[in-house]
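Hi there,

Here is the structure I promised to pass on. Have a look at it first, and then read my notes underneath.

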Amino acid sequence: MSIDIAFTKGHGTGNDFVLFSDPDGAVVLDAAQLAALADRRFGIGGDGVIRAVRSANLPEGSGALDEDPDAEWFMDYHNADGSPAEMCGNGIRVYGAYLISEGLLDLPVGETVSIGTRGGVRRLTRTDDGFEVDLGPFVVAGEAMVAARRLEIDRPGLAVGVGNPHVVVALADDGELDALDLSEAPVVTPLPPDGANVEFVVPAEPLVAAGVGRIRMRVHERGSGETLSCGTGAAAAALATRAWAGRGAPDAWRVRVPGGEVGVRVVETPDGPHVLLSGPAELVFDGTVSL
Ligand SMILES: N[C@@H](CCC[C@H](N)C(=O)O)C(=O)O
């Protein structure tokens, strides 16, 4: 039996998603069906698939509601290969735009909503030119060696957790970053138990201008391959560079990715430092697909 799904295609700095609405949690797709939606040749195409479901209507949602009873909506995120992920920083902004356009959420500019994710509840604020999401507390700790195609020698990477796992590698210059071949996954040793998204970064010259740190980044995403942008990856890359820069490093960062630019900032909160990510969210077209 086939099912028809009404979808919207959206992106945040070129990190693109297939979004569909299933408030009651009635449409549970398996990994092969999710991968078929994300397939760029045989499906709609996307780096990930996002199902809009009420937290009350999926098993993982009860934890979100325990954490924050206002987290009515859950971002059910899967990578392009159909694997679930804890969080998606670009995806949650596009998700906010999608909920608003579907009439499922009323969020005037300047207001904030709680969204359930597998990585915990995230607070999403609508801004004049997009959204800012509080990615919460972060962990910058742990080393690994990273090998990638066209990187002559293996490089040390720094593990960063922002709800999902990342390993960040500093490269020498733009030439080295541009030459990388990320058509195959970088090899991370030791690989964190849940795998890793891998970011390669190069500082701008100068690194800090007007109090804002600036870096360029390319990313290979767990479950999706090389993408034009990764929001949690941009946050991880800024946090790693901030740690490498040491005392006096800025709290505000601009991260250039192949698909555009996002903002990252670190703020003190009553439960310790949090990292926030800001950027655009675009909805591109709607359609219906039969699975
Ligand atoms: N592109 C996302 C991250 C998506 C999940 C990631 N591939 C993972 O498996 O952790 C972002 O913008 O953060």
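Below is what I found around the ligand and at two of the residues beside it.

Please keep in mind that this is a predicted model. The shell around the ligand is made up of 19 residues, and those that come nearest are G89, N90, N164, G231 and T232. Two elements, α3 (89–101) and α5 (231–245), each give two or more residues to this shell. By type, the shell holds 13 polar residues, 3 nonpolar and 3 charged.

Where does the ligand lie relative to domain 1 and domain 2? Residues of the shell come from both domain 1 (4–134 + 280–290) and domain 2 (139–270), so the ligand lies between them.

The UniProt record is worth setting beside this. Its unreviewed entry places the feature "binding site" at N15, N79, G89, N90, N164, N197, E221, R222, G231 and T232.

I then looked at one residue in each of the two helices. N90 lies in α3 and is buried, because 35 other C-beta atoms are within 10 Å, where 20 or more is the cut-off. Beyond its neighbours within four places in sequence, N90 contacts G12, T13, N15, S229, C230, G231 and G279.

G231 is in helix α5. With 28 other C-beta atoms within 10 Å, G231 is buried too. Leaving out residues up to four places away in sequence, G231 touches G12, N15, C88, G89, N90, V262, L277 and G279. The pair N90 and G231 are thus in contact with each other.

Enjoy exploring it!

Best wishes

Notes:
Residues numbered from 1 in each chain as written. Predicted model: local features only at pLDDT ≥ 70, side-chain atom pairs only at ≥ 80, totals over all residues. Near = placed C-beta within 6 Å. Helix = DSSP H or I, 4+ residues; strand = E, 2+ residues; numbered from the N terminus. Nonpolar A, V, L, I, M, F, W, Y, C, P; charged D, E, K, R; others polar. Domains from an automatic or database assignment. UniProt positions renumbered as here; feature names shortened; annotations may be inferred. Buried ≥ 20, exposed ≤ 12 C-beta atoms within 10 Å, placed from the backbone. Contact = placed C-beta atoms within 7 Å.
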